[in-house]
Amino acid sequence: MNKREEERRKKQQEKLEKELARIEEMSRYEKQYSGCSYICGIDEVGRGPLAGPVVAGAVILPKENPILYLNDSKKLSEKKREALYDEIMEHAVAVGIGMVSPARIDEINILQATYEAMRIAILNLKVTPDLLLNDAVTIPEIDILQVPIIKGDAKSISIAAASIIAKVTRDRLMKEYDKVIPGYDFASNKGYGTKAHIAGLKELGPSPIHRMTFIKNFI
């Protein structure tokens, strides 16, 4: 082995060790409640957009063989999120997704719609968790033990995994909506109120996936 190859391998090993230490730190809640059989991370995406559903992810990760590079989905590139989505779907003990429509958001408000999406995600798990690690909230009407963690998607691997599942699911959906509802730039803005989106809204009026309670100031 030449010196350059040796240096390259050494750097790779140092990078791996650093990542393992980071994942270990992000597993502190999972380790704290290690007596629980099925620990489920919960997170949502899409509370702020003017259009599209709110989506929640629920993920139970295996206790052994941790998935590396899990992090708050907002801190990851789209390419990395997509790769981690596939890895989570392949290796997780269970994954549940919950989705609540724009019409339902208008009917019950975004906070209640978020809770509803989370309850649906939990119901869609193939096993029942005995502990929920939630990003910041306590979900009403749930009898499972819950631990709300502020900025949990950056502090818990389970919540980080749930944030990735929710984000990739919703982003893919908004790209599909863009194909059938052109003019609002949904593929790029994912329903958030960008300049192009608001211009399209003023020109075309609301689409079937707009949240009427969110767009009062624009139409």
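This report walks through a predicted model, from its overall layout to a few chosen residues.

## Ground rules

The model is predicted, so local features need pLDDT of at least 70 and side-chain atom pairs count only at pLDDT 80 or more, while totals for chains, interfaces and linings use all residues. Residues are numbered from 1 along each chain as its sequence is written, and side-chain values use heavy atoms, with hydrogens and water left out.

## Overall layout

Let's start with the big picture. The protein has 8 helices and 5 strands; helices (H or I, at least four residues) and strands (E, at least two) are DSSP runs, numbered from the N terminus. Read from the N terminus, the order of elements is α-α-β-β-α-β-α-α-β-β-α-α-α. The C-alpha trace spans about 65 × 50 × 25 Å along its principal axes.

Of the 219 residues, 48% count as buried, where buried means under 20% relative accessible area, exposed over 50% and partly exposed in between (1.4 Å probe, protein chains only). Among contacts (heavy atoms within 4.5 Å) with a separation of 6 or more, residues 24 or more positions apart account for 65%.

## Strand 2 and its partners

Strand 2 covers residues 54-60, and 7 of its 7 residues are buried. V54, A56, A58 and I60 point one way, V55, G57 and V59 the other way, and all are buried.

Strand 2 also has partners to explore; two strands pair if DSSP finds at least two bridges between them. Strand 1 (residues 39-45) runs antiparallel to strand 2 and is joined to it by 6 bridges, with G41 standing opposite V59. Strand 3 (residues 94-100) is likewise antiparallel to strand 2, with 7 bridges between them; here V55 has M99 as its bridge partner.

## Helix 6 and I159

Helix 6 runs over residues 157-180, and its 24 residues should span 34 Å at 1.5 Å a residue, which agrees with the 35 Å between its end C-alpha atoms. The expected span is 1.5 Å times one less than the number of residues. At the N-terminal end of helix 6, S156 acts as a cap: a side-chain oxygen lies 3.2 Å from the backbone nitrogen of S158.

I159 belongs to helix 6 and is buried, with a relative accessible area of 0%. Leaving out residues up to four places away in sequence, I159 touches G41, I42, D43, L133, N134, D135, I149, G152 and D153. The C-alpha atoms of I159 and E44 are separated by 9.5 Å, though the two residues are 115 apart along the chain.

## Q146 in strand 5

Q146 is found in strand 5 (residues 146-149). With 15% relative accessibility, Q146 counts as buried. The side chains of Q146 and N134 share a polar contact of 2.7 Å. Such a contact is a pair of N or O atoms within 3.5 Å; within protein, one must be able to donate a hydrogen and the other to accept it, and residues adjacent in sequence count only if both atoms are side-chain atoms. Setting aside neighbours within four places in sequence, Q146 is in contact with L132, N134, V137, T138 and I139.

## Aromatic rings

Rings of Phe, Tyr and Trp (its six-membered ring) pair if their centres lie within 6.5 Å; planes under 30 degrees apart count as stacked, over 60 as edge-to-face and the rest as tilted. This rule gives 1 aromatic pair. Y184 and F186 form that stacked pair, at 5.2 Å centre to centre with 15 degrees between the planes, and both Y184 and F186 are buried.

Charges over rings appear too, meaning NZ of Lys or CZ of Arg within 6 Å of the ring centre and within 35 degrees of the ring normal. The charged end of R172 sits over the ring of Y85, 4.3 Å from its centre, and that of R211 sits over the ring of F214, 5.0 Å from its centre.
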